[in-house]
Every structure is written in C-alpha cells, then in structure tokens.
Amino acid sequence: MNQYDPNKISENQIAVLGICSDHNSSYLRGPAKAPPLIRDSLYCGSANLTSELGVSINQNSRLVDLGDFAIEETRQAYLEIENLISPICQRKALPFVLGGDHSITYPVLKAIAAANGPVNILHFDAHLDLYHEFEGNPYSHACPFARIMESKLAKRLVQVGIRTLNEHQALQAKKFGVEVHQMKDFKAASIELDFDGPVYISIDIDALDPAYAPGVSHFEPGGLSVREIINLLHGLKGGQIVGADIVEYNPERDVNRMTAMVAAKLFKEVAGKMLV
Ligand code: MN
Ligand code: MN
C-alpha cells in the first residue's frame, strides 16, 4: 500500500484521500476507479472552485490532498482502511474520503469515533445498507451501517433518499433507532438536521435519481435531485462536520462523465460547508 506523511496534516485541516476499493460490491465493480475521475472533474476548468456558500477551495491552506490509495482485496481490508484514516483523526484533522464502494464507511467511522466518540451521521442513499450480512459477507457495501450501529459508533443516524426498504432492513432500522426518511414521503422541511455534537456526512451517489447521476452500480429510480441534496447540506446545523465521504460513483456506468461532475460538485459544497 502507498503511504502518506502524517506530518503534512495539521489540526482542523480537511485531508482528502481516495480509497480505491470495490471488492465488497455485491453487483458490479467500478467504484475503485472513481477517485481520480472525481478530481479531474473538480479541477478540469469548466467551473470555478468557489462553493455556493462563497468559500473557495482553490489553494485553500485548510485543504490537503493526500492522494489515492489502493486497498488489498481481502476480508481484512477494513482494518487497512481504518489504519489509513486513524492518523488523520488523531491529528484532529477532518478526513474527506472519495470512494470506493460504501463498505469503506465502516472503517472510516471506526477511526472517526475513536477520536471523537460516537458522532451524528447524515447518510444520503437509495439503500439503508443495514443488512446484518449480504451473500455471506458482513463487510459488504450493503452492511456498513449495521456494523456502525452495532459498534455504537453513531449517536444518531439520519438516512435520506431511501427507496428500497424491505422487511429485514426495517427490523434492523427499528432495532438500531435509525431515522429513515423514505423518498415516498420526501419533504425537505420535515427532516430535522440540527445536530447536537460532531457530524459525519456520507453520500452514496445512488441517493440521486439516476437521471442526475447514471454512473452508479444500482439504478434506483425515484431519487433525489442534486439541488435537494445541496440544499439539505447547506441547511445542516449544529456540531462541527468531522468527516465526510462520497462513495459508489461507478465510472463504468457513467455518461459523458456527468456523474463525476455531480460528485465533484457535492465535494465542493460539502468542503465549502466544512470551511465556512
Ligand atoms: Mn450505500
Ligand atoms: Mn446505495
């Protein structure tokens, strides 16, 4: 595995890193190729680097890019990812991870919670990702929030964009006290996003309607618009954002790299919110 120098990171900096891992995907591979393409779209020159909140991420001293990291395809990959993120959190910096499939969020949260205690999580997704195990794999991208909740890494888990609630995951959500906001009932104003204490943001690109973001493994029509996600992000209140991820962008399924640009836009808006 390639390395980075933890001495390059200082307190309160946003440390960006790509985790090139998709072997815990259940259906299609592809998200391991995402991080450099999201960066390409962000810096391609077609848009400026000022977020809608008026903060520029261009050569901002609070943003450090650690590069991309290939992860070995083993059952122990989550430990490797946790070890990659831990030094960032120990330095009180804020990891911003570009995935990769959604399985990476469990080890990232382990590192976050070790440094901050249990955090609030705002999770955008078509799926709950609460399976106890999926096709025999407890570390599948269908399971990270089951691992997070049973390990008590979250004080509050708010899921937005959901449109795949089945019986097993409804039971899991109830058992763990997850706040599930389904698309069938979606009203932005009724989602309470005033958090008490640190907040982690996890954005699965398939939360968006495939019309806005076709570059995902699991097309699930009836989703959020880019605007709806950005407005919810801008409206978030309460504690400090201590970390974030953008996962499940699958370049193999993209059209004219439009989904890479959506991921880049969301990166810019989340980073802008963290820097305000
Ligand atoms: Mn997911
Ligand atoms: Mn999903």
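This is a short chat about a predicted model of a chain with two manganese ions.

Student: Start me off. How many helices and strands does the chain have?
Tutor: The predicted model shows seven helices and 10 strands. The radius of gyration is 17 Å, close to the 19 Å that the globule rule gives for 276 residues, so the chain is as compact as a globular protein of that length.

Student: And what does the C-alpha trace span along its principal axes?
Tutor: About 45 × 40 × 35 Å.

Student: What share of the residues is buried?
Tutor: Buried residues make up 60% of the 276. The accessible surface comes to about 11,100 Å². Carbon and sulfur atoms account for 49% of that surface.

Student: What about contacts between residues far along the sequence? What share comes from residues 24 or more positions apart?
Tutor: Take the contacts with a separation of 6 or more. Of these, 79% link residues 24 or more positions apart.

Student: Charges next. How many of each sign, and how far apart are their mean positions?
Tutor: There are 25 positive and 33 negative charges. Their mean positions are 4 Å apart.

Student: Now the metals. Which residues coordinate the manganese ion (ligand 1)?
Tutor: H102 through ND1, and D125, D129 and D204 through OD. The distances are 2.1 to 2.2 Å. Along the chain, the donors of ligand 1 follow the spacing H-x22-D-x3-D-x74-D.

Student: Where do D125 and D204 sit in the fold?
Tutor: D125 is in the loop between β4 (119–124) and α4 (144–150). D204 is in strand β8, residues 199–204. The pair therefore ties together parts that are 79 residues apart in sequence.

Student: And the manganese ion (ligand 2)? Which protein donors does it have?
Tutor: D125 (OD), H127 (ND1), D204 (OD), and D206, listed with OD twice. They lie 2.2 to 2.4 Å from the ion. The spacing for ligand 2 reads D-x1-H-x76-D-x1-D.

Student: How far apart are the two ions, and what does D125 do there?
Tutor: The manganese ions, ligand 1 and ligand 2, lie 3.3 Å apart. D125 bridges them.

Student: Are these donors buried or exposed? Try D125 first.
Tutor: D125 is buried, with a relative accessible area of 0%. D204 is buried too, at 2%. H127 has 16%. The cut-off for buried is under 20%, so H127 counts as buried.

Student: Switching topic. Which residues of helix α6 are buried?
Tutor: Helix α6 covers residues 226–235. Its buried residues are V226, I229, I230, L232, L233 and H234.

Student: Why might buried positions on a helix come three or four places apart?
Tutor: An α-helix has 3.6 residues a turn, so residues three or four places apart point the same way.

Student: What covers the buried residues of α6?
Tutor: The cover includes β4, β5 (154–162), β8 and α7 (258–275).

Student: Last one, F219. Where is it?
Tutor: F219 lies in the loop between β8 and α6. At 44% relative accessibility, F219 counts as partly exposed.

Student: What is F219 in contact with, beyond its neighbours within four places in sequence?
Tutor: P210, P214 and R253.

Student: And how far is F219 from I88?
Tutor: They are 34 Å apart in space, C-alpha to C-alpha. In sequence, F219 and I88 are 131 residues apart.

Note on methods: Residues numbered from 1 in each chain as written. Chains lettered and ligands numbered in written order. Predicted model: local features only at pLDDT ≥ 70, side-chain atom pairs only at ≥ 80, totals over all residues. Heavy atoms only, no water. Helix = DSSP H or I, 4+ residues; strand = E, 2+ residues; numbered from the N terminus. Rg over C-alpha atoms; globule rule 2.2 N^0.38 Å. Buried < 20%, exposed > 50% of the residue type's maximum accessible area, 1.4 Å probe, protein only. Contact = heavy atoms within 4.5 Å. Areas by Shrake-Rupley, 256 points an atom, 1.4 Å probe, with all protein chains shown as cover. Lys, Arg positive; Asp, Glu negative; His and termini not counted. Charge placed at Lys NZ, Arg CZ, Asp CG, Glu CD. Donors = N, O, S within 2.8 Å, 3.2 Å for Na, K, Ca; no water.
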